[in-house]
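User: I am new to this structure and would like a close look at one part of it, the nonpolar core, with enough of the surroundings to place it. Please take me through it in one connected answer.

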Amino acid sequence: MSTASQQEQRALQRARKAVRCLPFRLSFYQLLDAQALSSTQIAAHPNQQQLSRLSLNANRTEDLLIWLIQLGVLRREVDGQGLTERVRLTPMGRNTIAPWSDAIPPGGVLMRLKHWLRQHRPRF
């Protein structure tokens with residue numbers, strides 16, 4: 001196995017663990033695979049309960065989107081002017097959610113703690 005594929009596998013494992021620890025449901029990722037949305041549009045979505053286990057405002061949603069971008073699950077949409085505030089699912093994001101057809105199983109307490117530390121205290 002080459003180093004690049006080992007790195008890709010580690011990134012995919014890290015992304016899958018993160019997705020299990022975040023409040024977004026599978027339908028959120030499927031929606032972003034179909035169309036690009038901004039944090040404001042996601043927070044104001046009429047079916048937000050179908051997209052997230054928690055009620056999220058635009059600022060909290062943006063923070064989570066930035067984290068998913070850093071993990072490689074999402075990317076900013078580009079138009080003729082450059083980057084926009086809208087995000088889309090990446091090919092790695094599609095691979096991340098591929099194992100789940102009905103729902104993303106939530107991470108356990110230890111997994112969520114490790115994820116929180118990785119997200120908020122990466123050097124710890």
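Analyst: Helices here are DSSP runs of H or I with at least four residues, strands are runs of E with at least two, and both are numbered from the N terminus. On that basis the protein chain, which is a predicted model, has seven helices and two strands. Along the sequence these elements follow the order α-α-α-α-α-β-β-α-α. The radius of gyration is 14 Å, close to the 14 Å that the globule rule gives for 124 residues, so the chain is as compact as a globular protein of that length. Its C-alpha atoms fill a box of roughly 40 × 35 × 30 Å along the principal axes.

Now to the interior. Of the 124 residues, 37% count as buried, where buried means under 20% relative accessible area. In soluble globular proteins, nonpolar side chains tend to be buried together. The largest nonpolar core in this model has 25 residues, and those with the most contacts inside it are Leu22, Phe24, Phe28, Tyr29, Leu68, Val73 and Leu74. At least two core residues come from each of helix 1 (3–21), helix 2 (26–34), helix 5 (58–71) and strand 2 (82–89). Helix 5 gives the most, with five residues.

Phe24 serves as an example from this core. Setting aside neighbours within four places in sequence, Phe24 is in contact with Tyr29, Leu51, Ser52, Arg53, Leu56, Thr61, Leu64, Leu68 and Ile104. Two of these partners, Tyr29 and Leu68, are also listed among the core residues with the most contacts. Contacts between distant parts of the sequence can be followed over the whole chain as well: of the contacts with a separation of 6 or more, 62% join residues 24 or more positions apart.

The next residue to consider is Arg25, in the loop between helix 1 and helix 2. Arg25 counts as partly exposed, at 35% relative accessibility. Not counting residues up to four places away in sequence, Arg25 touches Gln49, Gln50, Leu51, Ser52, Arg53 and Ile104. Among these, Leu51, Ser52, Arg53 and Ile104 are also contacts of Phe24. The C-alpha atoms of Arg25 and Leu54 are separated by 9.8 Å, with their positions 29 residues apart along the chain.

Another partly exposed residue is Lys114, with a relative accessible area of 47%. Lys114 is found in helix 7 (residues 109–120). Its C-alpha atom is 9.5 Å from that of Ala18, although the two are 96 residues apart along the chain.

Finally, the surface as a whole. The accessible surface comes to about 7700 Å², and 50% of this belongs to carbon and sulfur atoms. The chain carries 18 positive and 8 negative charges, whose mean positions are 12 Å apart.

How values were computed
Residues are numbered from 1 along each chain as its sequence is written. This is a predicted model: local features need pLDDT of at least 70, side-chain atom pairs count only at pLDDT 80 or more; totals for chains, interfaces and linings use all residues. Side-chain values use heavy atoms; hydrogens and water are left out. A nonpolar core is a set of buried Ala, Val, Leu, Ile, Met, Phe, Trp, Tyr and Cys residues joined through side-chain atoms within 4.5 Å. Buried means under 20% relative accessible area, exposed over 50%, partly exposed in between (1.4 Å probe, protein chains only). Contact means heavy atoms within 4.5 Å. The radius of gyration is taken over C-alpha atoms; the globule rule is 2.2 Å times the number of residues to the power 0.38. Accessible areas come from the Shrake-Rupley method with a 1.4 Å probe; for residues, only the protein chains shown count as cover. Lys and Arg count as positive and Asp and Glu as negative; His and the chain ends are not counted. The place of a charge is taken as NZ of Lys, CZ of Arg, CG of Asp or CD of Glu.
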